[in-house]
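Colleague: I am new to reading protein models, and I would like to learn how to go from a picture to careful statements. Could you take me through one, feature by feature?

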Amino acid sequence: GADGVGVGPAGEGASATTAHVVSALASAGQDVEPEVLLRAAVREAHLQLHEGVRKSPEWAGMATTLTALVTDGETFALAHVGDSRGFVFRDGSLTRVTRDHTYVQDLIDEGRLLEHEAAMHPWRNVVMRTVNGRPGERATISPSDSVMPSGGAEPAPSSTKHLPAGAAAPALLGGRFPRHESEQPADPRRYARPSTPAFAESGN
């Protein structure tokens with residue numbers, strides 16, 4: 001899935017272009033390893049967006065998240081950029097297998113924000129990494145053996161699902177993650193929890 005970032009048609013154009021590129025390459029690359037194919041697909045999506053902005057400067061700033069899974073029938077790989085979350089559905093429960101590329105997730109990882117505080121944070125919608133046509137942007141590409149939670153066999157492709165962050169957030173964090181840039185305050189760092197030795201020692 002790809003979810004346009006920002007307001008207006010630019011985000012929609014970025015998500016549609018990226019989804020088309022990834023699905024087209026996945027369909028054409030039957031003999032290519034899933035991880036290799038996804039890296040090529042993300043790279044091509046960036047190139048397509050870059051070319052689109054070059055031809056139509058009014059589309060500058062277009063960007064999208066991306067969570068995509070490709071399988072060759074035996075193994076799979078997962079590409080992830082942004083905050084559209086990937087989950088594994090198994091034994092009646094969902095397990096998140098992606099890390100949000102967001103400002104609040106960085107704060108959580110640094111020990112400056114607690115998980116339950118993220119849903120109400122004023123900068124919860126700030127996405128740090130996207131597919132946007134700019135060189136140097138990275139995607140997280142994970143092979144199947146690093147994606148699957150420990151214990152149990154790998155799922156069939158049909159049991160591996162994608163949910164956009166807006167749909168998953170209420171269940172995981174008890175809140176809604178709207179995407180409105182007007183909600184962002186002037187200085188996000190003043191909402192961060194200061195670092196402490198305990199958090200530093202724990203490596204979070």
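**Reading the fold, step by step**

Modeller: Read along the sequence, this chain follows the pattern α-α-β-β-β-β-α-β-α-β-α-α, where helices (H or I, at least four residues) and strands (E, at least two) are DSSP runs numbered from the N terminus. There are 6 helices and 6 strands in the chain. Please keep in mind that this is a predicted model, in which local features need pLDDT of at least 70 and side-chain atom pairs count only at pLDDT 80 or more, while totals for chains, interfaces and linings use all residues. Residues are numbered from 1 along each chain as its sequence is written, and side-chain values use heavy atoms, with hydrogens and water left out.

Colleague: How much of the chain is buried, and what does that word mean here?

Modeller: A residue is called buried under 20% relative accessible area, exposed over 50%, and partly exposed in between, using a 1.4 Å probe and counting protein chains only. Of the 204 residues in this chain, 40% are buried. An example of the middle class is Val5, in the segment before H1, which is partly exposed with a relative accessible area of 22%.

Colleague: Where should I look for the nonpolar core, and which elements build it?

Modeller: The general idea is that, in soluble globular proteins, nonpolar side chains tend to be buried together. A nonpolar core is a set of buried Ala, Val, Leu, Ile, Met, Phe, Trp, Tyr and Cys residues joined through side-chain atoms within 4.5 Å. Here the largest one has 20 residues, and those with the most contacts inside it are Val22, Leu38, Val42, Leu66, Val131 and Ile141. Two or more residues each come from helix H1 (9-28), helix H2 (34-55), strand E1 (66-71) and strand E2 (76-81), with H2 giving the largest share, 6 residues. Apart from this core lies another, of 8 residues, which includes Tyr103, Ile108, Leu113 and Ala118.

Colleague: Which residues does Leu38 touch, once its neighbours in sequence are set aside?

Modeller: Contact means heavy atoms within 4.5 Å. Leaving aside neighbours within four places in sequence, Leu38 is in contact with Val22, Ala68, Val70, Ala77, Leu78, Ala79 and Ile141. For the chain overall, residues 24 or more positions apart account for 68% of the contacts with a separation of 6 or more.

Colleague: How do I read the pairing of strands, and which strands pair with E2?

Modeller: Two strands pair if DSSP finds at least two bridges between them. E1 and E2 are antiparallel and share 6 bridges; they form a hairpin with 4 residues between them, and Gly73 in that turn has a positive phi of about 95°. On E2 there is also an antiparallel pairing with E5, through 4 bridges, where Thr140 is the bridge partner of His80. Because 6 of the 6 residues of E2 are buried, this strand is largely enclosed by the rest of the structure. Both faces are covered, with Phe76, Leu78 and His80 buried on one side and Ala77, Ala79 and Val81 buried on the other.

Colleague: What does His80 face in E1, and how are the two side chains joined?

Modeller: Opposite His80 stands Thr67, a residue of strand E1 that is buried, with a relative accessible area of 3%. Their side chains are joined by a polar contact of 3.2 Å, that is, a pair of N or O atoms within 3.5 Å; within protein, one must be able to donate a hydrogen and the other to accept it, and residues adjacent in sequence count only if both atoms are side-chain atoms. A polar atom of the Thr67 side chain also lies 2.3 Å from the backbone oxygen of Ser84.

Colleague: Is Asp100 buried or exposed, and which side chain does it meet in a polar contact?

Modeller: Asp100 sits in the loop between strand E4 (93-96) and helix H3 (103-109), and Asp100 is buried, with a relative accessible area of 4%. The side chain of Asp100 makes a polar contact of 2.6 Å with that of Arg85. Beyond four places in sequence, the contacts of Asp100 are His80, Gly82, Asp83, Arg85 and Gln105.
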